[in-house]
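Welcome, and please have the viewer ready for a short guided look. We will go from the ligand to the sheets and then to some backbone details.

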Amino acid sequence: MPVLLPYPFPGPFDYRVPPGLEPKPGDVVLVPLNRREEVGVVWDAPADEAVPAHKLKAVVRILDTPPMRESLRRFIDWIAAYTLSPPGEVMAMALRVVSGAGRPVIRYRRADPLPAVRMTPPRQRVLDVLGRQEPRLAADVLREAGVSAAVLRGMIEAGLLVTETAAPNAPFQRPDPEHHGPTLSEAQHEAAMALREAVARQSFSVTLLDGVTGSGKTEVYLEAVAACLRAGRQALVMLPEIALSSQWIERFQRRFGVAPAVWHSDLPSRVRKITWQAVAEGTAPVVVGARSALFLPFPDLGLVVVDEEHEAAFKQQDGVVYNARDMAVVRARLSGCPAVLASATPSLETVANVEAGRYAHLRLTSRHGGASMPKVTLIDLRETPPDRGRFLAPTLIEAVNQTLARGEQAMLFLNRRGYAPLTLCRHCGHRMQCPNCTAWLVEHRTRNQLLCHHCGHTIPIPPECPVCAAKASLTPVGPGIERITEEAALVFPEARRLIMASDTIAGPHAAAAAAHSIEEREVDLIIGTQLVAKGWHFPHLTFVGVVDADLGLAGGELRASERTVQLLHQVAGRAGRAEAAGQVMLQTFVPDHPVMQALLQGDLDAFMESEAESRRDGEWPPYGRLAALIVSADSAIMADTVARDLGWTAPRGDGIIVLGPAPAPMALLRGRHRRRLLLKVRRDVAIQPILRSWLASVRVPRGGRVDVDVDPISFL
Ligand code: ADP
Ligand code: ZN
């Protein structure tokens with residue numbers, strides 16, 4: 001019997017089934033592995049025939065956990081095959097919740113009426129603990145009553161306890177689709193109708209919900225969620241950044257009367273278990289979550305929504321490298337339900353799928369309630385530079401002052417944490433670098449530290465240059481958000497300021513509190529990193545100033561332009577979402593750059609069209625396929641050797657190109673030496689088989705590894 005274990009083995013292991021057990025595919029089982037007992041899942045892949053039956057170890061027992069459904073198993077296999085990850089490693093993401101416990105996650109209730117059987121003090125204690133109300137988890141009963149699991153088992157056999165898999169008192173209340181429906185505009189109504197129909201068909205489809213910021217996309221797809229609820233099925237809504245979920249959850253609550261189930265990797269383990277169980281039982285009708293929510297055990301998924309589908313945050317870079325946006329579509333296909341991708345700035349991939357007729361397309365072209373799109377202007381930093389040592393141009397300062405004078409809120413955006421991205425010795429020119437990474441140390445003045453944003457390495461800010469020992473010679477170069485805050489304190493001394501960056505806003509609660517203080521107008525000036533860019537709806541915010549619009553263009557990565565347009569358009573979209581008109585100013589050194597012109601003219605379509613054109617010419621994604629091989633090793637020599645070997649055995653053929661090996665831009669990361677190769681194939685060439693045989697052709701010594709990134713979006 002094949003059992004998949006949550007480890008990076010190449011496939012399932014074979015186990016013997018002892019008499020009396022009848023494990024079926026999907027059952028969660030306990031099996032011996034290296035003298036321990038491990039939780040695994042009975043898989044459907046054929047067993048490895050190499051081991052003779054009498055040598056096989058036996059399955060210990062079947063856990064009382066809801067079995068892993070066929071659609072989730074196929075999903076895991078699919079991701080493993082697509083990303084070239086070991087299936088067990090993918091499965092671990094779906095199992096993590098259960099495996100920690102190794103104990104059945106079911107609830108117990110006292111039988112009513114109680115049968116007339118022998119009563120012992122331990123049994124009585126269990127009944128007392130259980131009381132008459134809600135069913136309880138076994139672990140809690142065992143702890144509170146101080147009895148052994150055998151007592152519980154005996155009581156179940158004696159009919160004193162009833163186990164519940166579908167709890168009547170579910171931890172999540174049912175959202176009411178009729179609670180507070182919005183009055184939709186005509187365009188919104190049409191889009192909502194189309195989505196409702198997609199949900200009603202109960203079959204796979206993908207729809208791009210494409211609408212300018214503030215057009216009411218959320219409002220519209222919540223109607224699809226309502227339709228899904230009416231049909232009695234479950235809905236999953238994926239958000240790129242769970243820190244942004246507070247406003248979203250409040251909105252959901254206004255629409256449906258109750259909060260949805262929330263899922264992300266930082267949930268306390270108890271909440272995780274309860275949520276997981278409720279999803280498995282179907283008593284969590286709507287889940288809003290981050291990437292990992294894809295692996296929840298939905299028995300009856302009726303809708304998957306991916307909000308801000310263009311977001312790079314959907315790509316998981318560690319462990320199993322996958323794009324949750326794409327995998328959400330796969331999950332929908334395997335579950336036979338519709339997927340909705342929402343964005344004001346859809347990715348080129350999604351647009352290409354629309355053009356190829358694979359995805360349906362719904363558009364909302366104007367903001368809700370007559371709000372207009374913000375007016376964008378460019379500040380040419382070559383012509384109107386800031387004062388020496390400053391970063392805010394006079395025009396920008398003037399505009400912020402006017403906004404504040406009108407009693408409205410303003411926002412300054414800079415996508416860089418800390419005080420300064422580079423610290424330099426004025427005397428000898430030495431630059432403070434991370435010893436573990438190809439990266440400068442970033443000054444964080446409030447903490448009096450230099451910090452590596454890649455590995456977390458920190459040192460106190462040295463009083464003198466570590467190379468030439470010159471005193472007080474270390475100088476910050478360039479601005480980070482802390483430095484802008486310092487400048488803002490000088491220039492706008494009266495304004496009540498709020499910094500929103502991941503350093504200052506730790507977690508969803510802090511984000512919710514910050515959002516509230518903005519909504520309540522306790523803040524005049526918001527200074528933020530990308531944390532402020534997306535999703536938020538601040539009705540009194542009318543001005544957005546982008547301190548360095550060119551930031552994302554450096555480096556010249558494949559998607560640099562696309563991503564900069566998306567990010568800046570999102571940031572700009574925070575301005576003027578209610579009655580008062582919004583204004584956006586972008587500080588740039590390259591006002592003629594197509595990105596700046598697209599933002600200035602508000603014509604993203606034309607920009608994306610020309611972007612698509614150039615990618616089509618070079619057969620770059622989405623008009624070709626890419627996979628990156630990242631070699632990393634303890635030593636530079638080993639990294640070079642493995643990379644060179646891969647270069648020698650590189651696949652050849654029609655429509656296949658290999659670029660590299662080359663040192664990665666981050667040639668050193670967390671103390672590991674890195675080299676990159678890039679495989680580029682024509683769209684009609686399947687990339688996985690090529691990768692598989694390529695990887696098999698090279699021996700990787702201990703201390704070295706080769707990571708595969710299919711459809712890479714970062715090239716560091
Ligand atoms: P998007 O997601 O497209 O940026 P939202 O869904 O956030 O837009 O809508 C912007 C604002 O307009 C929100 O405050 C939302 O509640 C409001 N809104 C949108 N459509 C309606 C509607 N039909 N009725 C009432 N409010 C609406
Ligand atoms: Zn580092």
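What follows is a walk through a predicted model, beginning at its ligand.

**Around the ligand**

Start with ligand 1, which is surrounded by 15 residues. Thr183, Gln188, Gly214, Lys217 and Arg251 are the closest of them. By character, the shell divides into nine polar, four charged and two nonpolar residues. Which element gives the largest share of this shell? That is helix H7, residues 217–230, with three residues.

Oxygen atoms of ligand 1 take part in the contacts listed here, one from the backbone and two from side chains.

| Protein residue | Atom on the protein side | Distance to an oxygen atom of ligand 1 |
|---|---|---|
| Glycine 216 | polar backbone atom | 2.9 Å |
| Lysine 217 | N or O atom in the side chain | 2.8 Å |
| Histidine 537 | N or O atom in the side chain | 3.1 Å |

Is the ligand mostly buried or exposed? Taken alone, ligand 1 exposes 560 Å², and the protein buries 80% of that.

**A sheet of four strands**

Now turn to the open sheet with the strand order E30-E31-E29-E32, in which the pairing is antiparallel. Why is one side of E30 and of E32 left without a neighbour in the sheet? Strand E30 (656–669) and strand E32 (704–710) stand at the edges and have a single partner strand each, so one side of each has no neighbour there. From one strand to the next, the twist averages 20°.

Inside this sheet, strand E29 (residues 624–633) is paired with strand E31 (residues 672–682). Ten bridges join these two in the antiparallel sense. If you would like a place to start tracing them, find glycine 624, which stands opposite arginine 682 in E31.

A helix accompanies the sheet. Helix H18, residues 636–648, lies across E29, E30, E31 and E32. Its direction is at about 15° to E31.

**A sheet of three strands**

Elsewhere in the chain, three strands make up another open sheet, ordered E7-E6-E8 and antiparallel in its pairing. Here strand E7 (136–137) and strand E8 (161–164) are the ones at the edges; each has a single partner strand, so one side of each is left without a neighbour in the sheet. E6 and E7 run antiparallel and are joined by two bridges. Arginine 107 has leucine 137 in E7 as its bridge partner.

This sheet has a helix lying across it as well: H3 crosses E6, E7 and E8 and runs at about 100° to E6.

**Backbone details worth a look**

Where are cis peptide bonds found? One joins aspartate 112 and proline 113, with omega at about 5°. Proline 113 belongs to the loop between strand E6 (107–110) and helix H3 (121–130), the helix that lies across E6, E7 and E8. Another cis peptide bond joins glycine 660 and proline 661, and there omega is about 10°. Proline 661 sits in strand E30, one of the edge strands of the four-stranded sheet.

Finally, have a look at asparagine 34. This residue is not a glycine, yet its phi is positive, near 45°. You will find asparagine 34 in the loop that runs between strand E3 (28–33) and strand E4 (36–42).

Key: Residues numbered from 1 in each chain as written. Chains lettered and ligands numbered in written order. Predicted model: local features only at pLDDT ≥ 70, side-chain atom pairs only at ≥ 80, totals over all residues. Heavy atoms only, no water. Near = heavy atom within 4 Å. Polar contact = N/O pair within 3.5 Å; in protein donor to acceptor, adjacent residues only side chain to side chain. Areas by Shrake-Rupley, 256 points an atom, 1.4 Å probe, with all protein chains shown as cover. Nonpolar A, V, L, I, M, F, W, Y, C, P; charged D, E, K, R; others polar. Pairing = 2+ DSSP bridges. Axes fitted to C-alpha atoms, helices over the stretch in contact; angles between N-to-C directions. Contact = heavy atoms within 4.5 Å.
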